[in-house]
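Here are my notes on the model you sent over. Have the structure open while you read, and pull up the side chains as we go.

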Amino acid sequence: GKKELTSAEGKAKLVAEDAAVDADRIVYDKERRIATATGHVVARLTDGGRIVVVADLLTLRFDEQHEVREIWLYDGKAISVVAVKD
């Protein structure tokens, strides 16, 4: 089986329709539609609300439309941000 992996290191950034991830290293597996970010991970997710994630390791699984469907994190926190209207 052929694998299609894309990786970035050193201030790596991944931007999708409903997510933006910054990390020391990001690897994206196109076939499985999974991105894994390691080292100083900060992610902003906007589908269905706003979530900020800070972690050492974050894995995102995307659907066919490149929207985030599952999130796994290790040694980190996910914080829901509620917008306040005046």
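What follows is a set of numbered points on the sheet, its charged pairs, one loop residue and the nonpolar core.

1. First, a reminder: this is a predicted model. Please read every distance and accessibility below with that in mind.

2. Start with the overall layout. There is an open sheet of 5 strands, paired antiparallel in the order S1-S2-S3-S4-S5. Strand S1 (5-16) and S5 sit at the edges, each pairing on one side only. From one strand to the next, the twist averages 35°. As general background, strands of a sheet pair through backbone hydrogen bonds, parallel or antiparallel.

3. Now look at the S4 and S5 pair. These two run antiparallel and are joined by 12 bridges. Take Arg61 as an example: its bridge partner in S5 is Glu70. The side chains of Arg61 and Glu70 also meet, in a salt bridge of 3.0 Å, N to O. Is this pair buried or exposed? Arg61 counts as partly exposed because its relative accessibility is 26%, and Glu70 is partly exposed too, at 32%.

4. On to the other charged pairs. The count of salt bridges comes to 9. In general, side chains of opposite charge can pair when their charged atoms come close. One of the pairs is Glu9 with Arg25, at 3.2 Å from N to O. This pair links distant parts of the chain, with Glu9 in strand S1, Arg25 in strand S2 (residues 19-29), and the two positions 16 residues apart. Glu9 has 59% relative accessibility, so it counts as exposed; Arg25, at 36%, counts as partly exposed.

5. Another salt bridge joins Arg69 and Glu67, whose closest N and O atoms are 2.9 Å apart. Both residues are partly exposed, Arg69 at 40% relative accessibility and Glu67 at 25%. Elsewhere, salt bridges with shared partners tie Lys13, Asp22 and Arg44 into one network.

6. Asp63 deserves a look of its own. Where is Asp63? You'll find Asp63 in the loop between strand S4 (50-62) and strand S5 (68-81). Despite being a charged residue type in a loop, does it count as buried or exposed? Asp63 comes out as buried, because its relative accessibility is 9% and the cut-off for buried is under 20%. The Asp63 side chain makes a polar contact with the side chain of Arg69, at 2.9 Å. Setting aside neighbours within four places in sequence, Asp63 is in contact with Arg33 and Arg69. Arg69, then, is worth displaying together with both Asp63 and Glu67.

7. Last, the nonpolar core. In soluble globular proteins, nonpolar side chains tend to be buried together. Here the largest nonpolar core has 18 residues, and those with the most contacts inside it are Val21, Ile26, Leu58, Leu60 and Phe62. Which elements give two or more residues to this core? They are S1, S2, strand S3 (34-45) and S4.

8. To get a feel for the packing, centre your view on Leu58. Not counting residues up to four places away in sequence, Leu58 touches ten or so side groups you can click through, including Val21, Ala35, Val41, Val53, Ile71 and Trp72. Also on the Leu58 contact list are Thr36, Ala37, Ala43 and Leu73.

Definitions and conventions
Residues are numbered from 1 along each chain as its sequence is written. This is a predicted model: local features need pLDDT of at least 70, side-chain atom pairs count only at pLDDT 80 or more; totals for chains, interfaces and linings use all residues. Side-chain values use heavy atoms; hydrogens and water are left out. Helices (H or I, at least four residues) and strands (E, at least two) are DSSP runs, numbered from the N terminus. Buried means under 20% relative accessible area, exposed over 50%, partly exposed in between (1.4 Å probe, protein chains only). A polar contact is a pair of N or O atoms within 3.5 Å; within protein, one must be able to donate a hydrogen and the other to accept it, and residues adjacent in sequence count only if both atoms are side-chain atoms. Contact means heavy atoms within 4.5 Å. Two strands pair if DSSP finds at least two bridges between them. Axes are lines fitted to C-alpha atoms, for helices over the stretch in contact, and angles run from 0 to 180 degrees between N-to-C directions. A salt bridge is a side-chain nitrogen of Lys or Arg within 4 Å of a carboxyl oxygen of Asp or Glu. A nonpolar core is a set of buried Ala, Val, Leu, Ile, Met, Phe, Trp, Tyr and Cys residues joined through side-chain atoms within 4.5 Å.
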